[in-house]
Amino acid sequence: AQLVKGIDESYESYFYQCVLALHADQYAKAQKLIILARRQMDNELTALVGESYHRAYDEFVRVQQLSEMEEVIQYKQAKDDPDRRKMIIQLWENRIAGCQRNVDVWERILSVRALVL
């Protein structure tokens, strides 16, 4: 945990700190880190979208990872609500069906979903 805290204030730093917070069931902290990660992405994403969708796709996957981290929080907090959990799983299934059929993309997305295990 200390190693991650020592990294600069980058998207990656906030992302991995969020992973650690989720493992520790620190959902408020995780949500705050998701917000900070989004702020770090804002300028880069805006510039890339102006160039081309293809160049920006990697950043869109990062945006999706952050959204799914929020859903991981919701999933973990819905311990007594199987319908809510079922709805989140269905959402994930629908969303991945719309992603590029690319192993690297799917691996990044599924690694976030694995946080519910």
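Colleague: Why is the sulfur of cysteine 99 not in a bond with the closest cysteine sulfur?

Modeller: A disulfide is a pair of cysteine sulfur atoms within 2.5 Å. Here the closest cysteine sulfur to that of cysteine 99 belongs to cysteine 18 and is 19 Å away, so the two are too far apart for a bond. Searching the whole structure turns up zero disulfides, and cysteine 18 is in none.

Keep in mind that this is a predicted model, where local features need pLDDT of at least 70, side-chain atom pairs count only at pLDDT 80 or more, and totals for chains, interfaces and linings use all residues. Residues are numbered from 1 along each chain as its sequence is written, and side-chain values use heavy atoms, with hydrogens and water left out.

Colleague: Are cysteine 18 and cysteine 99 buried or exposed?

Modeller: Buried means under 20% relative accessible area, exposed over 50%, and partly exposed in between (1.4 Å probe, protein chains only). Cysteine 18 has a relative accessible area of 1%, so it counts as buried. Cysteine 99, with 9%, is buried as well.

Colleague: How do I read the largest nonpolar core, and which residues touch the most other members?

Modeller: Think of a nonpolar core as a set of buried Ala, Val, Leu, Ile, Met, Phe, Trp, Tyr and Cys residues joined through side-chain atoms within 4.5 Å. The largest one has 22 residues, and those touching the most other members are Phe15, Cys18, Leu22, Leu66, Met69 and Leu115. At least two residues each come from helix 2 (11-23), helix 3 (27-51), helix 4 and helix 5 (82-97); helices here are DSSP runs (H or I, at least four residues), numbered from the N terminus. Helix 2 gives the largest share, seven residues. There's also a second, separate core of six residues, with Tyr57, Val61, Val105 and Ile109 among them.

Colleague: Which residues is phenylalanine 15 in contact with, leaving aside neighbours within four places in sequence?

Modeller: Contact means heavy atoms within 4.5 Å. With those neighbours set aside, phenylalanine 15 is in contact with Gln65, Leu66, Met69 and Val112.

Colleague: And where does glutamine 100 lie?

Modeller: Look in the loop between helix 5 and helix 6 (103-113). Glutamine 100 has a relative accessible area of 33%, so it's partly exposed. Setting aside neighbours within four places in sequence, glutamine 100 is in contact with Tyr57, Val105 and Trp106. Valine 61 is 39 residues from glutamine 100 in sequence, yet 10.0 Å away in space, C-alpha to C-alpha.
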